[in-house]
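These are my notebook entries on one protein structure. I set down what I looked up, entry by entry.

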Amino acid sequence: MKQLECENLTLGYGSQVVLTDLSFEVNEGDYLCIVGENGSGKTTLMKTVLGLTKPLDGSIRYGEGLSARDIGWLPQQTDVQRDFPASVQEIVISGTLGRGGFRPFYSKADKALAESAMARMNITGLKKRCYRELSGGQQQRVLLARALCATRKILLLDEPVAGLDPKVTADMYELIDSLNKDDGVTVIMISHDVDKALQYASHILHIGSELFFGTRDEYRIYEADKAKGGDGR
């Protein structure tokens, strides 16, 4: 089932255009990695898909019964966010807030969802800990659990392994892959690591000076053709 379709998008802010003529689609169960040069518009695209920024042109269509509110988002953290003085449990359960209108208290269902998400991320033992006391890898697991409380359909991950050491990075990639393959969660991830993207992703979207969208095998062919002096097509 098609969950997201972007057609002829032009992205930017005000009169500043970042990206033009971008088209791609995401189906249920896909694992899409978005790669490209710094400043190519990857984060802008994420914010546009989430409805935080409007496209300058083109269209974004969500699958039947889906909207931007059905997408869980793990953004890049700032130093201020890493030092946030709240418990793990408080941060995780806050992910349920987008599921309905304003309510002064968390429901039993919200609390059960948070417990389930923490168990899935193997951080139940940390739930009373202060978030800012955790390691970088533990913090990312907390934020993934929070995103899972927002949705079990689509996750948007913006450089989820940035700043992590190699062992924790490998564990995080395996965890995300498990969410996709075992839990059936559609993953859209920004990554600077093309090798890892080709290892895990089902599809690649390359944006920047050149645009490419296709399967990872098609991307390998595209890159090999470019290396031989072709235009990648």
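The entries below go from the whole chain to its domains and then to single pairs of side chains.

**Entry 1: the whole protein.** I noted first that this is a predicted model. I then looked up the secondary structure and found eight helices and nine strands. The radius of gyration is 18 Å, close to the 17 Å that the globule rule gives for 233 residues, so the protein is as compact as a globular protein of that length. I also recorded the box filled by the C-alpha atoms, which is roughly 55 × 40 × 35 Å along the principal axes.

**Entry 2: the domains.** I consulted the domain assignment, which gives domain 1 as 1-66 + 153-233 and domain 2 as 79-151. Domain 1 is thus listed in two segments, 1-66 and 153-233. I looked up the separation of the two centres, taken over C-alpha atoms, and it is 25 Å.

**Entry 3: where the domains meet.** I asked how many residues of each domain are in contact with the other. The lookup gave 14 residues of domain 1 and 10 residues of domain 2. Between them the two domains bury about 1,000 Å², and 68% of this area is on carbon and sulfur atoms.

**Entry 4: polar links across the interface.** I found one salt bridge between domain 1 and domain 2. Asp183 and Arg120 form a salt bridge, with 3.0 Å between their closest N and O atoms. I also found four residue pairs in polar contact across this interface. On the side of domain 1 that touches domain 2, strand 6 (154-158) and helix 6 (166-181) each supply at least two residues. Helix 6 gives the largest share of that side, seven residues. I sorted this side of domain 1 by class and obtained 10 nonpolar, one polar and three charged residues.

**Entry 5: salt bridges in the whole structure.** I recalled that side chains of opposite charge can pair when their charged atoms come close. My search of the whole structure found 12 salt bridges. I looked up the pair Arg61 and Glu5, whose side chains meet in a salt bridge at 3.3 Å, N to O. Arg61 lies in strand 4 (residues 57-62) and Glu5 in strand 1 (residues 2-13), so this pair ties together parts that are 56 residues apart in sequence.

Conventions:
Residues numbered from 1 in each chain as written. Predicted model: local features only at pLDDT ≥ 70, side-chain atom pairs only at ≥ 80, totals over all residues. Heavy atoms only, no water. Domains from an automatic or database assignment. Contact = heavy atoms within 4.5 Å. Buried area = accessible area lost by both parts, 1.4 Å probe. Salt bridge = Lys/Arg side-chain N within 4 Å of Asp/Glu carboxyl O. Polar contact = N/O pair within 3.5 Å; in protein donor to acceptor, adjacent residues only side chain to side chain. Helix = DSSP H or I, 4+ residues; strand = E, 2+ residues; numbered from the N terminus. Nonpolar A, V, L, I, M, F, W, Y, C, P; charged D, E, K, R; others polar. Rg over C-alpha atoms; globule rule 2.2 N^0.38 Å.
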